[in-house]
Amino acid sequence: MQQIAKGIWKIVLGEPETFTPKHFRQFPVRTEAIEQIPVSRECRVSEEKIHWRKTKRGITVTLPMETQEDIYGFGLQLQGFNQAGRRRYIKVNSDPVANTGEGHAPVPFYISSAGYGLFVNTFRYTTFLMGTNSERGQSAGMTAENEAHKEFSEAAIYALKRAKEERKVIIDIPAAGGIELYLFAGDFMEIVQRYNLFSGGGCVPPMWGLGMWYRIYGGGDEKALKELAEQFRKEEIPMDVLGLEPGWHSHSYSCTYKWSNLFPHPQEMIDDMTAQGYKLNLWEHVYVYPKAPFYEKLVPYSGDYEVWNGLVPDFATKEACQLFEDYHRDTFVKQGIAGFKLDECDNSDYNPSNWAFPDSTEFPSGMDGEQMHMTIGTLYQNLIYRIYQQENRRTYSQVRSSGALAASLPFVLYSDLYDHKQFIRGVVNAGFSGLLWCPEVRDCANGDDLLRRLQTVVFSGHALINSWRIPSPPWKQTDIEKNLAGEPMDTAEYYTAECRKLFELRMRLLPYLYSAFVEYSHSGKPPIRALVLDYPEDREARMVDDEYLFGESMLVCPLTYEDGTSRSVYLPEGSWYDFFTGERTEGGRRVEVHAEYDKIPVFVKEGAIIPLAKPVTHVEKDTVFDITVKTFGEADGSFVLYEDDFETFAYEEGQNRIVIEKHPGEDVTIHSENGTMTKYRLVR
């Protein structure tokens, strides 16, 4: 057992495989930052308590598990929260049909209330049994019998039950002859911080990336894009990024990466959008059509099976990466494209248009199909990130699949699934594993459903409306068929105004959210996270999967359209203030809150300081934010605004810190460490 940093140990069992998440990690461990994190809880798992053996399948690792142990993590989990007593199958799959562990970004990392986190450094389809089984002989001493069932039903028989005796964590890793394990010590938050800093620290998006995003109709052309862009500015709808869907390619399944005849003047179009303050984002996926300009050169560096008649590039080889990078840099990035939407790199087991290459696929690097499925999304992000890094331009982009050690990559996950409650759970869960999740609006039942979904969107890490199915914005018409026919809703004016208010609220929160991301980079604290990370000893918080902390001080409690206008909210111990009205409520309990469809319950901690910006329609290079400081309660409070150019990587060399403080009975004080402010102007 080798200590590699404060509170982090490596254990090597047998002979590990070459290709692992750590092998492809692009960012150095943030050792100095890790040293600043305390170890408030002793790790209860030692090397002596970890057992392993080789099997015909691969290897099996076992650890002790306490009867009341709570488990979180395993990447983007949309259908489950507390993972104790669950079986988690860590396999990338775009269409998980049940709460099994599969999904867009399953990660072999979990955190435990026993004071440790465990990262299993593998790309194999690993199964974790979290206290669901005991070893033979462990139950031999049990003597109880004739226990009557109170209810004979499937729900009662198969309900999740806490074990009365010690169980095991059983980890089944196929194919491998050995494994590297990494143990992280501390309470929940400290473990997550260590894991994120071990990954390289959290990402810092450009400020424009935190603004509003809109993906245009998939059948739209250059003319439609320009008309929509002009409409947003005319109606003063805040919008920073416009995304083009598959139609911009001359062939998109698989991809040519060449402009189609729908966009005959790409450079002129890019320049026009840039002049209006928009950033452009391009949809693509990894499968390369024979008409792609670099197809022939890519053939030797691709797998031996195709998807949609296109090559599957081996991004574990420098040659395949270089071909992709050179083409994208010269053809798109240098021309002004701000980012990409990396679609369908997530494997599909159930979709009729299956994009899963066989697990037996052989790649030139030596990886097999199983390993490539688990890492292709992360390798794809790596190469796109390198382009922007070399150009000294930050990007904020989207991806359909990610994995372990990805916290430093400025990409946000999204899905073709659409259950609103699951999307909220995704926001809550993603922070356990160094991931970001976008609860995008794609379609809605009606205008009120639109507002409910947008409320979750504006209080997330990525504020996106995905209108790929409709030519007019959903606030003009939510019914898809009527939207396609050009028929606006009678209530379009009302919903346009309400959506504008929500978008303006998002723009007011940009400086606050930007600071949360900078803290993510410095300390590893997720900018958006589950309550249990901040309240590890609160038993009620350990089960809350439908509300979350947004930054350091704001507690967001979304409602879905199905919820109606009221819901039960859990407030942890302390005083909490309604963000909009300032009304005070004592926590440590559940309260019933009412919110009409145009309102979302948001609470703020006692003593919090929230800097609110005057909303702008978009973020420009020279944007200066007019800031009003809003305080809550009488307790001491402070907030740090981080100032840099908001666009390049110069922030890595240092940022100006603007410290806002308040003390009981005193006025708010503001101190700029370098004596000036260039991006913020304090109004009052």
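A pocket is an open set of grid points with protein on both sides within 12 Å along at least five of seven lines. In this predicted model, the second largest pocket has a volume of about 430 Å³. Its lining comprises 26 residues, and those nearest the pocket centre are R30, G202, S521, Y651 and E652. Two helices, α8 and α13, each contribute at least two residues to this lining, with α8 giving the most, 3 residues. By class, the lining of this pocket divides into 10 nonpolar, 10 polar and 6 charged residues.

Helix α13 is also a good place to begin with helix packing. Two packed helices are described by the angle between their axes and the distance between the axes. For helix α3 (residues 188-199) and helix α13 (residues 510-523), the axes come within 8 Å and cross at roughly 80°, which means that α3 is roughly perpendicular to α13. On the α3 side the contact is made by Q193, N196 and L197, which meet Y520, S521, H522 and S523 of α13. The residues of this contact fall into 2 nonpolar and 5 polar, with no charged ones. Two residues of the α13 side appear elsewhere in this description: S521 is among those nearest the centre of the second largest pocket, and Y520 is one of the residues lining the second largest cavity.

A second helix pair makes a pleasing companion to the first. The axes of helix α4 (residues 222-234) and helix α5 (residues 266-275) come within 11 Å and cross at roughly 5°. The two helices are therefore roughly parallel to each other. Here E222, L225, K226 and A229 of α4 meet P266, E268, M269, D272 and M273 of α5. The contact of α4 with α5 holds 5 nonpolar and 4 charged residues, and no polar ones.

Turning to enclosed space, rolling a probe the size of a water molecule over the atoms shows where empty space is left. Counting cavities of 30 Å³ or more gives 6 in the model. The largest cavity contains about 180 Å³ of space. It is lined by 20 residues, and the closest to its centre are P21, F123, T378, G403 and A404. The elements that give two or more residues to this lining are strand β7 (106-112) and helix α8 (369-390). Helix α8 has the largest share, 4 residues, and α8 likewise gives the most to the lining of the second largest pocket. The lining of the largest cavity is made up of 11 nonpolar, 8 polar and 1 charged residues.

The second largest cavity holds about 110 Å³ of space. Its lining consists of V427, A430, G431, G434, L435, L436, W437, G461, Y520, P526, P527 and I528. Of these, 9 are nonpolar and 3 polar, with no charged residues.

The strands offer two sheets to follow. One is an open sheet of 6 strands in the order β1-β2-β11-β8-β7-β5, with antiparallel pairing. Strands β1 (2-5) and β5 (71-75) are its edge strands, each pairing on one side only. Neighbouring strands in this sheet are turned against each other by 25° on average, direction ignored. At one edge, β1 and strand β2 (residues 8-15) pair in the antiparallel sense over 3 bridges, and Q2 stands opposite K10 in β2. Strand β7, a member of this sheet, is also one of the elements that contribute to the lining of the largest cavity.

The other is an open sheet of 7 strands in the order β17-β16-β15-β14-β13-β12-β18, in which the pairing is parallel. At its edges stand β17 (411-413) and β18 (463-466), each with a single partner strand, so one side of each is left without a neighbour in the sheet. In this sheet, too, neighbouring strands are turned by 25° against each other on average, direction ignored. Strand β16 (residues 397-399) and β17 pair in the parallel sense over 3 bridges, and S397 stands opposite F411 in β17.

How values were computed. Residues numbered from 1 in each chain as written. Predicted model: local features only at pLDDT ≥ 70, side-chain atom pairs only at ≥ 80, totals over all residues. Heavy atoms only, no water. 1 Å grid on protein atoms, 1.4 Å probe; cavity = no way out; pocket = protein on both sides within 12 Å on 5 of 7 lines; lining within 4 Å. Points joined across faces, edges and corners; volume = space filled by probe spheres on them. Nonpolar A, V, L, I, M, F, W, Y, C, P; charged D, E, K, R; others polar. Axes fitted to C-alpha atoms, helices over the stretch in contact; angles between N-to-C directions. Parallel < 35°, antiparallel > 145°, perpendicular 65-115°, else oblique. Contact = heavy atoms within 4.5 Å. Pairing = 2+ DSSP bridges.
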